[in-house]
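Q: I have just opened this one and would like some help finding my way around. Could we go through it together?

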Amino acid sequence: MSRLRTLTGAALLAVPLALAVAGPWLVGEPGERAFPFADDGLLGTDFVGRDVARQVLLGGRSVVVVAVSATLLAYLLGVPAGLVAAATRRRWVDELLMRPLDLALAVPSLLLLILLAATAPPGPLTLVGIVALIGLPEITRITRAAALPLAHGPAMEAMRLYRETWWRRGPGYVGTGIRRVLLADAGVRFIGAIYLVATASFLGIGVAPDAADWAVMVDRNRTGLFLQPWSVAVPAALIVCLAVGLNLVTDRMLDTPAVPSPAPPPAPATTGAHAHDSLLQVRELAATTADRTLVDGVSFSLRAGEILAVIGASGSGKTTTARALLGEATPGVTHTGTITLAGRPVTTASPPAPGTVGYVPQQPGAALHPVRRIGAVLHEIARHQAPGASRGTRGRAVAATLERVSLPTDRRFLRRFPHQLSGGQQQRLVIAHALLAHAVLLIADEPTTGQDALTRDAVAAELTKLARAGIAVILLSHDLHLVRAVADQILVLHRGAAVESGPAAEVLAVPRHRHTRQLLATPPARPPATVRPDRPLLRVTNLSAAHRDGGRQRDVLRDVNLAVAAGRCLAVVGRSGSGKTTLARCVAGLHPAHTGQVSLAGQRLAAHLDRRQPHELGAIQYVFQDARASFDPYRSVVDQIGRPARRLRDATPEQAHHTARHLLDRVGLAEHTATRRPDRLSGGELHRAALARALASEPRVLICDETTAGLDRITRLGILTLLDELRRDLRLTVVVITHDRDVVAHLADHVVVLDDGVVVDSGPADALLHHAHHPLTRALLHTDPATAPTPPNP
């Protein structure tokens, strides 16, 4: 069907384009004029007695040339302006570019045409300029909106850290990322340009009002539509062919090839009370690609009010299974088997009814609208669930939901954008979206990724409360503390197959399969440190930082002091939103500090990374919390791993490739795996690739922001062991931002505890893990967070 649609579009587009190009050479000498709207000739005559067929052959070139030229000119001017406005980190540049264009948007296009017609000399070039000028503000604004999340996202920041070329950052990454939006807009924009050309002709701009032009012919001949319909129908049909053909062709460019799931066979008859009472039934679910099997014959059932925990190593098929329950499939993946939800089959062709299933994704930033304020989206969800409710009722529902997930309810918070939240706050916001939707099935994919122990307890309580209210919950998680706290049933996946399942208490107490035992095994104790104390390599002094909140500055860090020696590991812990990530970003130069300084080996570093020297950039590297989002999705992983060596160490392409291969081997990632694009790698593989990329510049300080979040215990242990080995072998200074007590116990020599931007506790890791006095430290680092004391609210 997709191929037929594309061929149809190409055929429709070819006819008017062929006439526009070859038409003027096919016409003969002009004949004598006949009566208006007569039947003389093949298509009759027009409103002044000219042969319509001849006018059709002559009228395409002006339409196509002027409309194409004007559209191209508008994009050549608007796209760079939109990219500059999106990429700039200086607010005044954005304002200077966008506010005049906003004023132009406020003026109706017809009025603008009239004003320009009165002042501009007539002619085709003037017409091209006017049509381009009318489309310029909209193109600029669309480009800016599409480019904004890419220009300030983790992938762009990762490229800035190793000073990637502007070509790779701009056209290569942002330009490729917004091409689908621009293609979708181009088809509509081109047709609008055609009709603007026709409108302008009657104002004395461009072609004359009686010229051979398809758009002019439609307008001027409409009075004789019933006398001579061909004079209107033929040029109108050619314009429609242009519009429909262009849009069908661009649709093909926008389409992502996908293999639809075959229609499921009839659900097998089931007997017994358990099958009869099941809300969700999955039978022999399989997901395959051309070269491998992702999910292999998974079967389970779930009753209303039950919580099923699906556990397994990264890449075991958990997320693929969850997407199948949503009626979704990754491009190129084929599903077989049967899924029945509330008595209705679920396939990619017939997904669950809207509102039936709530989904909390693993990467919260990808699920949040990048250019809409938090409050607007929450109120829209509440309005969709209760169309007749008053605004006050919806506001109370939104506030109650935010309180349930420990988020602020004040107006300043609701007016923020998602990128102004920490990773933990984004995660809780996505959970709030699902709670507002009142679904019968909630799929939570790593809902506690990047969350502190206290917030994890709150999430566990909320999931339990939802189950008691009759909602079935599927929990995809590597967090065994959460699984132990909430799960009724456990399903263990290994390489796409279900290797063990049963009641949670039974599976956790007596695991039968070897892989299950590995997942549940306690991490081994860290060997004693052999690095002797030394003077600090990295020092932070009186550091304060703020975020812009509307027109105000909101303090995030206040007078933070810390120091860490070469070869040592410092862990920064605290509740979500306490300023941990902002501190790490200030050290890396990604967020300029308001006051204070960052020093490396006694030398003060510039607050902003753009003012740091290449050797200073290479000395401090950052591993982002969301490893997948920190990679350019359009280039291979191995290519990106070698780029820091080229940009910061002046390595040749051959040397950079050799460095990438060596680092891939060092982090335990196969080279043939890294030659793929990021979307083909699992979460654990991408975390290792991100670590390899950070090491390519031979840093002295490595900052890891929740680098093990969302990983299974086996993979997490591998990452931690690797980091510890690198720290010891390379005398690498490591700063870890974490909520995970196991990370602190395995890696840290020293711990700093942040609360509301202030250091409230610090000391050796062993002392704070076992003999902490501050209530917040005890709550965050206690072995069993459920029994830890509750700290006072900040």
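A: What follows is a short walk through a sheet, a surface patch and the cysteines, and the model is a predicted one.

Q: What order do the strands of the open sheet come in?
A: The open sheet has 4 strands, which run in the order β2-β1-β4-β5, and their pairing is antiparallel. At the edges lie β2, covering 293-303, and β5, covering 344-345, each of which pairs on one side only.

Q: And how many bridges link β1 and β2?
A: Strand β1, made of residues 278-288, pairs with β2 over 7 bridges in the antiparallel sense. Within this pairing, T288 has T293 of β2 standing opposite.

Q: What holds strands together in general?
A: Strands of a sheet pair through backbone hydrogen bonds, and the pairing can be parallel or antiparallel.

Q: Switching to the surface: which residues make the nonpolar patch of about 280 Å²?
A: That patch is made by V68, L72 and L76. L76 sits in helix α2, which spans residues 52-87.

Q: Is L76 buried or exposed?
A: L76 counts as exposed, because its relative accessible area is 62% and the cut-off for exposed is over 50%.

Q: How many disulfides are there?
A: A search of the whole structure turns up 0 disulfides.

Q: Why is there no bond between C704 and C569?
A: The closest cysteine sulfur to that of C704 belongs to C569, but the two are 8.0 Å apart, so they are too far for a bond; a disulfide needs the sulfur atoms within 2.5 Å.

Q: Is C704 buried or exposed, then?
A: C704 is buried, with a relative accessible area of 1%, and C241 is also buried, at 18%.

Notes
Residues are numbered from 1 along each chain as its sequence is written. This is a predicted model: local features need pLDDT of at least 70, side-chain atom pairs count only at pLDDT 80 or more; totals for chains, interfaces and linings use all residues. Side-chain values use heavy atoms; hydrogens and water are left out. Two strands pair if DSSP finds at least two bridges between them. Helices (H or I, at least four residues) and strands (E, at least two) are DSSP runs, numbered from the N terminus. Patches are made of residues with over 30% relative accessible area and no salt bridge: like charges are joined within 9 Å, nonpolar side chains (Val, Leu, Ile, Met, Phe, Trp, Tyr) within 5 Å. Accessible areas come from the Shrake-Rupley method with a 1.4 Å probe; for residues, only the protein chains shown count as cover. A salt bridge is a side-chain nitrogen of Lys or Arg within 4 Å of a carboxyl oxygen of Asp or Glu. Buried means under 20% relative accessible area, exposed over 50%, partly exposed in between (1.4 Å probe, protein chains only).
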